[in-house]
Structures are given as structure tokens and as C-alpha cells.
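Q: I should like to learn how features of a protein model are read from its atoms. Where should one begin?

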Amino acid sequence: MSDDISRESRLEQASALANNLLQEIRKALIGQDLIIEQVLVALIARGHVLIEGVPGLGKTLLVRSLAKCFGGQFSRVQFTPDLMPSDVTGHAMFNMAKQEFEIRRGPVFTNLLLADEINRAPAKTQAALLEVMQEGQITIEGESFKTGEPFMVLATQNPVEQEGTYPLPEAELDRFMLKVMIDYPSESDEQVMLRHVSGQAQGGFGLEDIRTLLKTSHVLSLQKVAEQITVDDQILHYVVKLVRTTREWNGIARGAGPRACIALLAAARAYALVKGNTFVTPDDVKTMYLPALRHRILLSPELAIEGVDADRVLHSVMQHVEAPRH
């Protein structure tokens, strides 16, 4: 009994900390509550996030706000067409004084990495993140090095139809736990934002008001608590069915792979923690279904020509698959 009480107490504390973090980031990013919540879910679930939206919607501001709350190391890389893989990962350099090669570590050796406008760099540079996103390590001149722990990549990208963008490799897309779509704020939120910004110093956007609430040890604790959230077998079957249905659905040329099951379940667990639940519910899975799968499927050319997007198709899949009732 004492173990159950202790477990519930840890969950309550973790949920309270997560919600305090949400409130803190909302001070700077107004009108994007859902996006903030999804990014926090990915952090708790040990995942990486791809944030897509047109310029000027606060993608970079969101990551900078999280970094301000986060007491670990933070690095930012502005992806450009001339960016080389070694500019991200680091490289070996010959030290003339010591007459030996030494490793110069790149910005990827950190806890929180902002890859800004990632799809403005060619595929070779984008692929430099593959190993570190999957393994938490990077290889330079045949030698492997660990990144910080925890480690999270938050990549922002502009819509692919914009000039000067490159589509991300499919293997790299699959490494992102969630793809988050950020849209224009409502008219009332935009008025609040303008009033808020006009009262700040030039370029401040309220970042100076954000407090540091987390240390790396707190993040690791949140992640461990999330991994202990109870998952019933019916929920496991539901997750697998939702993913496998995308492989048979009319209009989907390529369905989601097994990694989608892992990502969806981990995200649902983290979302349950944020909501203060001791177990994962079908609604937790439904909430995380679109961000966990929208970048893992390929629509048929017919649907693409008609302008149908992945979210619309996935919503139909979710309505088709019956959720557990108990």
C-alpha cells in the first residue's frame, strides 16, 4: 500500500511541475496552448519535435522559452543552404602546438538543441542529426561521443512549398516523435499578444519574465515517472490497431511503421502524466494520434492532388478504429 501511495505522490508532484512549466511558457507564447503542451509531452517522453508553420508565428520563441525554463545546456543552429554536417556535429582539427588532432565538439553536444529552419539545409546536413537523435551519440573520426542527458532536438521548419526549402529525408522524419503544426493565433489572442509585446523592451517578447523551473535532474525524474504510468493491454492493442490500419487504408500509399507505435504510446503516457492520470486512457491516445503519425504516412498522389492533408485522413482512420470501452 505504501508503494502505491508513494507512486501517486510522485505522479502528483510530477504533474504539478509539468503544469507549472506550461503556465510559465504561456507568459511568452500567447494563444498556442496546444502547441506548448505537445512540446512538453515530447520532452517528458524522451522524444524530439518537428514544429512546422509559416515564419513569424513564434516557433523559435517557443523553444527559447522552454530553454529559459530548462536549467540544462541549450544550443541553437540556424540551418542554411551552405551549412555543413561538421558545423552541427563537430570535427577533428590538428593542433599545431601539440602536434596532434583534437576533437572540436559541435552545438549538438547539449541538452536542448534548436535546429532552426532545418529544411533550408540540404539532405546531407539534415542527415547529420540522424545518429544523435536515435542513439544520443555522435561519431567523429570513428570515435563515438555521448550528448548531454536528457537530450532533445526541437526543429522548426517552414512549409515545403516556400522558396528555398528542402524536404526532410523520410528516415529523419521518422526520428521525430511528434510533428506539431503551429497556426495563426485567434484575433483576440493576437490583440493580447500585441498589447503584451508593446509593453516590453524591443525584442523582449516577455522572455525576461520567465523563470527557470527545471534542472536536468527534474526532467529525468519526469521521464521516469511517465514510464511508470499504467498501460492496459486493451490500450496496447488499440495503439497497434490505429497504426496498422494506416497500412491498409485507401488513400495512404505508405503507412506508419513500428516506430509509430512506440512513439504514440510514449506520448500518450506523457500526456497522461501532464493531466495527472495514473493510467493511459483511449482519449490520451486519441489526443496524441495526429502529432505522432502525421509525418509518418505518405498519401496517394490522387489525394495529394486534391489537396487532402494527412490530418484529415488520419482523423478518418481514428473514427474507424473502435476504442476500448473499459
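A: One begins with secondary structure: helices (H or I, at least four residues) and strands (E, at least two) are DSSP runs, numbered from the N terminus. Asp116, for example, is found in strand E5, residues 112–116. This is a predicted model, in which local features need pLDDT of at least 70 and side-chain atom pairs count only at pLDDT 80 or more, while totals for chains, interfaces and linings use all residues. Residues are numbered from 1 along each chain as its sequence is written, and side-chain values use heavy atoms, with hydrogens and water left out.

Q: Is Asp116 buried or exposed, and which residues does Asp116 touch?

A: Buried means under 20% relative accessible area, exposed over 50%, and partly exposed in between (1.4 Å probe, protein chains only). Asp116 has 5% relative accessibility and therefore counts as buried. Contact means heavy atoms within 4.5 Å. Not counting residues up to four places away in sequence, Asp116 touches Thr60, Arg76, Val77, Gln78, Phe79 and Thr156.

Q: How are open and enclosed spaces distinguished, and what volume does the largest pocket have?

A: On a 1 Å grid over the protein atoms alone, a cavity is a set of points where a 1.4 Å probe fits but cannot get out, whereas a pocket is an open set with protein on both sides within 12 Å along at least five of seven lines; lining residues have an atom within 4 Å of a point. Grid points are joined across faces, edges and corners, and a volume is the space filled by probe spheres set on the points. The largest pocket holds about 1000 Å³ of space. Its lining has 35 residues, and Glu52, Lys179, Arg294, His295 and Ala310 lie nearest its centre. At least two lining residues come from each of strand E1 (49–52), helix H7 (170–173), strand E9 (178–181), strand E11 (298–299) and helix H14 (310–320).

Q: How is the chemical character of that lining described?

A: Residues are sorted by class: Ala, Val, Leu, Ile, Met, Phe, Trp, Tyr, Cys and Pro count as nonpolar, Asp, Glu, Lys and Arg as charged, and the others, Gly among them, as polar. The lining of the largest pocket has 18 nonpolar, six polar and 11 charged residues.

Q: What does Lys179 contact in the model?

A: A polar contact is a pair of N or O atoms within 3.5 Å; within protein, one must be able to donate a hydrogen and the other to accept it, and residues adjacent in sequence count only if both atoms are side-chain atoms. Lys179, in strand E9, makes such a contact through its side chain with the side chain of Glu52, at 3.1 Å. Lys179 counts as buried, because its relative accessibility is 14%. Beyond its neighbours within four places in sequence, Lys179 is in contact with Leu50, Glu52, Gln157, Pro291, Arg294 and His295.

Q: Which residues lie nearest the centre of the second largest pocket?

A: They are Arg46, Gly47, His48, Met133 and Gln134, among 27 lining residues. This pocket has a volume of about 570 Å³. Helix H6 (130–135) and helix H11 (258–274) each supply at least two residues of the lining.

Q: What is unusual in backbone geometry, and where should one look?

A: Most residues other than glycine have a negative phi, and most peptide bonds are trans. Arg46, in the loop between helix H2 (33–44) and E1, has a positive phi near 60°. Glu117 also has a positive phi, about 50°, and is found in the loop between E5 and helix H5 (123–126). A cis peptide bond, with omega about 5°, joins Glu149 and Pro150. Pro150 is found in the loop between strand E7 (143–146) and strand E8 (152–157).

Q: How is the length of a helix checked, and what caps the N-terminal end of H10?

A: The expected span of a helix is 1.5 Å times one less than its number of residues. Helix H10 (residues 233–245) has 13 residues and should span 18 Å, which agrees with the 18 Å between its end C-alpha atoms. Asp232 caps its N-terminal end, with a side-chain oxygen 2.8 Å from the backbone nitrogen of Gln234. The buried residues of H10 are Ile235, Tyr238, Val239, Leu242, Val243 and Thr245; they pack against H11, helix H12 (282–293) and H14.
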